[in-house]
Amino acid sequence: MGQSHLLGPAEIRELAAELDVTPTKKLGQNFLHDPNTVRRIVAAAELDPSDRVVEVGPGLGSLTLGLLDTVESVTALEIDPRLAGRLPATVDARAAEFADRLTVVNADALQVARADLPVGPTALVANLPYNVSVPVLLHMLAELPSIRRVLVMVQKEVADRLAAQPGSKVYGVPSVKAAFYGDVSRAGTIGKHVFWPAPNIESGLVRIDVSDSAPRDLRETVFPLVDAAFAQRRKTLRSTLAGIYGSAAAAEDALRAAGIDPGLRGEKLTVADFIRLGEARHG
Ligand code: SAM
């Protein structure tokens, strides 16, 4: 099938008018009205026909339509009831042959549990609402362990942060927590004018190839160490981790046992370092 079913500026405006939608900043509602960008995102995700995609925030359906002819199924999680309610009709009108591949769930992605989805997804592909992009991404990765591939569009600065390596100025909590699940990389930059309304900022694509060997059972031990290590960026690990270990001396012992210099700052530690610390605590 050709790609004429994708939504351009005229279709986006028509749908928004019909629904009487005034896009809200609070819900990060910037809708893609450029079929080329949709194709770029779908291509960057390198999906397989057998993939089952979960899409957060389908909005008016721009990306959803691009995904439906590529994969086995799409589960679309949308918080706005008007948008969730209209999506099946949009798909019926523009890609009826793939309509049975779509399930729409009217829910807050931050609250979603595996049981709310009809199938365990293998991929997360989304143009995420910017104000909650990192929490949504981390919640999806934690809650849906069947996900193997992630391709998300986020604010450009957030994309840089997510894919940052130790030592970089923007390396921080999101970088380590995303890397906990797999290999994180930048997959391109997207300008403002492919959206309606155009946001003030540029966007970036982030890809995660989720690792089968991510030590998920250690997450609840490792993530608090990461939060503490970056809470006071100028302090050394010996002091930032003192609260968790009970004292600076105990933190120092734990760091040395894991082969980490207690005089370093958190920004120097790789995810593997944090995992070694977590393993030792886990016992
Ligand atoms: N995917 C569409 C596109 O590319 O045109 C819309 C993307 S727009 C940046 C973000 C979408 O996420 C909006 O439709 C918004 O209503 C929805 N949204 C915002 N917060 C959400 C949440 N917590 N859970 C699910 N959807 C959310």
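**View 1. Valine 154, a buried spot in strand β6.** Valine 154 is buried at a relative accessible area of 1%, where buried means under 20%, exposed means over 50%, and partly exposed covers what is in between (1.4 Å probe, protein chains only). Its strand, β6, runs over residues 149-155; strands (E, at least two residues) and helices (H or I, at least four) are DSSP runs, numbered from the N terminus. Pick histidine 33 as a partner: it is 121 residues away from valine 154 along the chain, and their C-alpha atoms are separated by 16 Å. A word on what you're looking at: this is a predicted model, with local features needing pLDDT of at least 70, side-chain atom pairs counted only at pLDDT 80 or more, and totals for chains, interfaces and linings using all residues. Residues are numbered from 1 along each chain as its sequence is written, and side-chain values use heavy atoms, with hydrogens and water left out.

**View 2. The ligand and its shell of 22 residues.** Leu32, Gly57, Glu78, Asp108 and Asn127 are the closest of the surrounding residues, a residue being near the ligand if one of its heavy atoms lies within 4 Å of it. By type, the shell splits into 11 nonpolar, 7 polar and 4 charged residues; here Ala, Val, Leu, Ile, Met, Phe, Trp, Tyr, Cys and Pro count as nonpolar, Asp, Glu, Lys and Arg as charged, and the others, Gly among them, as polar. Strands β1 (31-32) and β3 (73-78) each chip in at least two shell residues.

**View 3. Polar contacts between protein and ligand.** A polar contact is a pair of N or O atoms within 3.5 Å; within protein, one must be able to donate a hydrogen and the other to accept it, and residues adjacent in sequence count only if both atoms are side-chain atoms. Glutamate 78 puts a polar side-chain atom 2.6 Å from a ligand oxygen. On the nitrogen side, a polar backbone atom of glycine 57 lies 2.7 Å from a ligand nitrogen, and a side-chain N or O atom of glutamate 55 is 3.5 Å from a nitrogen atom of the ligand. The ligand alone exposes 590 Å², and the protein buries 98% of that (Shrake-Rupley method, 1.4 Å probe; for residues, only the protein chains shown count as cover).

**View 4. Two buried serines in helices.** Serine 133 sits in helix α5 (residues 133-143) and is buried, at 3% relative accessible area. A polar atom of the serine 133 side chain lies 3.3 Å from the backbone oxygen of tyrosine 130. Over in helix α7 (residues 173-181), serine 175 is buried too, at 2%. The side chain of serine 175 has a polar atom 2.7 Å from the backbone oxygen of arginine 161.

**View 5. Backbone oddities in three loops.** Tryptophan 196 and proline 197 are joined by a cis peptide bond, with omega at about -10 degrees; proline 197 belongs to the loop between β8 (195-196) and β9 (203-210). Aspartate 20 isn't a glycine, yet has a positive phi of about 60 degrees. Look for aspartate 20 in the loop between α1 (9-19) and β1, exposed at 61% relative accessibility. Glutamate 46, in the loop between α2 (35-45) and β2 (52-56), also has a positive phi, near 45 degrees. Glutamate 46 counts as exposed, at 54% relative accessibility.
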